[in-house]
Each structure stands twice: as C-alpha cells, then as structure tokens.
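With the model open in a viewer, please follow this tour one selection at a time, keeping both the cartoon and the side chains within reach.

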Amino acid sequence: MTTKRKSTRSAAAAKVHRPDGALLDINRLETRLGPLAWRSSGQGPVLVFFAGALANGELWRDVVVALQDRYRCITVDLPLGAHPWPLSEGADRSATSLARLLLDCLDLLEVADATVVNDTAGGLVLLSLATGHPALGRVGRLVLTNCENYDQFPPDKLKKAVAMCRRTPRLARAAMRLQMWLGHRSAAVRRRGLAAVCARGLDDERAEAIAGPAWRDRRVAGDLVAALAGEGPQLLIDAAAAIPQFDRPVLVIWGDACGFFPMAGAQRLASDFPRATLVPVPRAKTWVPVDNPAAVADAIAKFVPTPVP
C-alpha cells in the first residue's frame with residue numbers, strides 16, 4: 001500500500017510588485033516549526049539564499065536581480081525577526097533546531113546540488129555541518145558572507161544584547177520593537193540603526209519590508225529574541241570540527257569594513273575549509289549584498305558554473 005506525499009508548499013500567499021521584477025511571489029513553506037516565507041525567480045542552477053537576524057529576502061534583492069537571468073534564485077526568510085509569520089507556539093527555537101531547520105528547507109523545496117548562500121545566518125550553516133542532517137547531501141556549494149563564526153556566536157559587540165535576551169526576554173522584545181517602531185517613524189533613527197550594518201543604506205520600502213514584521217507583531221520579535229538567547233560560543237567551537245570534513249567548494253565573500261565580524265574570521269574559514277576561496281569586498285560592512293551587490297553577484301557567477309548554451 002502506498003500513500004501520496006502531502007505537499008508542504010502552498011500557493012502564493014501574497015504578491016510584491018516591483019518594477020525590477022525581483023521577488024514577485026511570496027510563498028508559504030510549512031515546516032516542523034511553523035510557516036516560512038520563500039520566493040523563487042529565474043531558471044538554471046539553484047541558488048538558495050538565507051538571511052540572518054533582522055533581515056529577509058529583501059537583503060538579497062539586488063543580487064537576485066543580477067543573477068536570475070542565469071540561475072534559479074530562491075530566498076527563504078528564516079524566523080529571525082524579519083519573517084512575516086510567527087513560528088508555531090512551543091516551537092523549538094534553539095540554535096541547533098534552527099540550524100536543522102535551514103537544511104529542512106532544502107528537503108521541503110526538493111532542490112539538489114544547490115548553492116546555499118548566507119549572510120549573518122552563516123553561523124547556523126556552520127552549526128548545521130555537524131548535525132548529520134541528510135539534506136547536507138543536497139548542498140553542492142556554499143557561499144558565506146560576513147557571519148558568526150567560531151567563538152563569535154554571538155559576536156563580541158552583541159554579547160550584552162544576547163545576554164539580555166537570555167535573562168529578560170520580555171524586556172528585550174519590548175526594546176527591540178520600540179527601536180523598530182522608532183525607525184519606522186523617523187528616517188534619521190532608521191539611518192543611525194542601519195549605519196552599523198551597511199554603508200549604503202536602504203530605501204524606505206525596503207527598510208519597512210525588513211523592519212516592519214518585528215514592530216507589528218510581538219510574536220515575530222519573540223522568535224528573534226529566543227533565537228539570540230540560544231546562541232553560545234561553545235556551540236560553534238564544537239561544530240568547527242566538521243569544517244575540514246566539508247569537501248565541496250566554498251566561497252567566502254567578506255566586507256572588510258564590517259564592525260561585527262573582522263576579516264580574521266573570514267581568513268580562518270577560508271583556511272579551514274579544504275576547497276575555499278576568499279573574496280574581500282572593500283568598504284562593505286556586514287550587509288555586503290546591500291553595500292556592493294555587483295561584487296557579490298559577480299563572485300557567485302564565477303563560482304557557480306552555468307550550462308553551456
């Protein structure tokens with residue numbers, strides 16, 4: 001007796017209309033922790049983009065526009081504060097669970113030989129390498145931009161904030177939502193907040209798409225607080241033993257003006273992965289795909305081969 005597999009992907013839940021044609025369809029991916037938003041555009045070798053804390057697919061918008069004529073570009077919004085729907089009540093939001101969730105998405109999307117591309121969520125990817133998750137077999141290549149690594153989980157500059165998430169989560173959630181709301185009301189406040197992670201800044205529409213979910217829904221902000229509370233340096237230090245065992249190509253694209261993740265971390269990653277290439281991006285901060293999307297897209301295009309016409 002056979003049973004028909006139940007689909008885990010719903011029809012498009014919303015539409016975002018942009019003149020550049022990027023990220024038009026927002027779909028709902030049903031996971032063991034709750035729904036995640038994902039988008040797909042283009043055809044060709046598969047690139048799966050994940051975003052880290054207080055970021056979503058909008059972070060990769062310009063990179064996707066540059067690549068979708070040659071690649072199938074999928075963006076997935078992890079439950080890290082810029083996701084449209086909160087996780088299910090009681091969902092396991094520990095770092096290990098979220099690392100496995102990232103790989104769960106590859107299974108649910110049924111992609112093969114995928115190039116997994118990350119910004120600050122790269123810390124979860126590094127953690128996932130030690131999980132033994134079967135979906136690691138779906139990863140053909142790995143691209144890391146400025147992200148948590150080794151003992152920088154969280155980075156030194158965020159240790160106090162993460163400690164607050166752990167000790168007083170309700171206060172941390174309220175403070176986060178207030179900051180997002182103030183940024184929504186004041187362009188000057190928003191610019192000051194974004195200056196820490198990107199030199200280029202964001203237009204109002206893009207900033208709202210990234211910051212809006214947390215200030216509109218306390219449960220979304222709570223998901224991020226819980227995720228940050230679950231971080232701890234020893235987790236990535238222990239997982240680092242799996243890095244030399246990852247035998248597929250790795251591309252490390254790193255903004256050299258980042259105040260959270262120094263270039264030394266990128267150099268160590270490039271040295272520890274057996275088949276890694278390091279591409280520094282001058283004057284780019286933490287959000288490299290915002291500060292220099294052309295450099296990121298060009299590096300990915302050179303790294304991931306496309307079929308000969």
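## Starting at an exposed loop residue

Select arginine 283 to begin: at 68% relative accessibility it counts as exposed, because the cut-off for that class is over 50%. The model is a predicted one, and in it arginine 283 sits in the loop between β9 and α11 (288-291). Its phi is near 65°, a positive value in a residue other than glycine. Most residues other than glycine have a negative phi, and most peptide bonds are trans.

## Another loop with unusual backbone values

Move next to the loop between β7 and α4, where tyrosine 150 lies. The phi of tyrosine 150 is likewise positive in a residue other than glycine, near 50°, but at 4% relative accessibility this tyrosine counts as buried, since buried means under 20%. Proline 154 has its place in the loop between β7 and α4, and the peptide bond that leads from phenylalanine 153 to proline 154 is cis, with omega near 10°.

## The cavities

How many cavities of 30 Å³ or more does a search of the whole structure find? There are 2. Tyr150, just visited, helps to line the second largest cavity, together with Leu126, Leu236, Ala239, Ala240 and Ile243. That cavity has a volume of about 30 Å³, and its lining consists of 6 nonpolar residues, with no polar and no charged ones.

For the largest cavity, which holds about 40 Å³ of space, select Leu102, Leu103, Val116, Val125, Ser128, Leu129, Leu136, Val139, Leu142 and Phe246, the residues that line it. The elements that give two or more residues to this lining are α2 (95-109), α3 (122-128) and β7 (139-144). By class, the lining of the largest cavity divides into 9 nonpolar residues and 1 polar residue, with no charged residue.

## Along the parallel strands

Leucine 142, one of the residues lining the largest cavity, has valine 250 as its bridge partner in β8. Strands β7 and β8 pair in the parallel sense over 3 bridges, and if you then select β8 itself (residues 250-255), you will find that 6 of its 6 residues are buried. Val250, Val252 and Trp254 point one way from β8, whereas Leu251, Ile253 and Gly255 point the other way.

On to strand β9 (residues 276-281), which pairs with β8 in the parallel sense over 6 bridges. To see one place where they meet, pick tryptophan 254, which stands opposite proline 280 in β9.

## The core around phenylalanine 49

Which residues have the most contacts inside the largest nonpolar core? They are Phe49, Phe273, Trp287 and Ile300, in a core of 102 residues. Helix α2 contributes the largest share of this core, 10 residues. Centre the view on phenylalanine 49: leaving aside its neighbours within four places in sequence, it is in contact with Trp60, Val63, Val64, Leu67, Cys73, Ile74, Thr75, Val76, Val117 and Ile300.

One of those contacts, Ile74, leads to an antiparallel pair, as isoleucine 74 in β5 is the bridge partner of serine 40. Strand β3 (residues 34-41) and strand β5 (residues 72-76) run antiparallel and are joined by 4 bridges. Of the 8 residues of β3, 7 are buried.

## The largest pocket

Turn now to the largest pocket, where about 1200 Å³ of space lies. Its lining has 46 residues, and those closest to the centre of the pocket are Ala53, Leu54, Leu158, Met180 and Val197. Helices α2, α4 (159-167), α5 (169-185), α6 (187-194), α7 (204-216) and α8 (218-229) each supply at least two residues of the lining, and α5 gives the most, with 7. The lining comprises 34 nonpolar, 7 polar and 5 charged residues.

## A last stop on α7

Finish with arginine 216, which is found in helix α7. At 49% relative accessibility, arginine 216 counts as partly exposed, because that class lies between the 20% and 50% cut-offs. Not counting residues up to four places away in sequence, arginine 216 touches Arg177 and Glu208. For a sense of distance, draw a line from arginine 216 to glycine 123: the two are 93 residues apart in sequence and 27 Å apart in space, C-alpha to C-alpha.

How values were computed
Residues are numbered from 1 along each chain as its sequence is written. This is a predicted model: local features need pLDDT of at least 70, side-chain atom pairs count only at pLDDT 80 or more; totals for chains, interfaces and linings use all residues. Side-chain values use heavy atoms; hydrogens and water are left out. On a 1 Å grid over the protein atoms alone, a cavity is a set of points where a 1.4 Å probe fits but cannot get out, and a pocket is an open set with protein on both sides within 12 Å along at least five of seven lines; lining residues have an atom within 4 Å of a point. Grid points are joined across faces, edges and corners, and a volume is the space filled by probe spheres set on the points. Ala, Val, Leu, Ile, Met, Phe, Trp, Tyr, Cys and Pro count as nonpolar, Asp, Glu, Lys and Arg as charged, and the others, Gly among them, as polar. A nonpolar core is a set of buried Ala, Val, Leu, Ile, Met, Phe, Trp, Tyr and Cys residues joined through side-chain atoms within 4.5 Å. Buried means under 20% relative accessible area, exposed over 50%, partly exposed in between (1.4 Å probe, protein chains only). Contact means heavy atoms within 4.5 Å. Two strands pair if DSSP finds at least two bridges between them.
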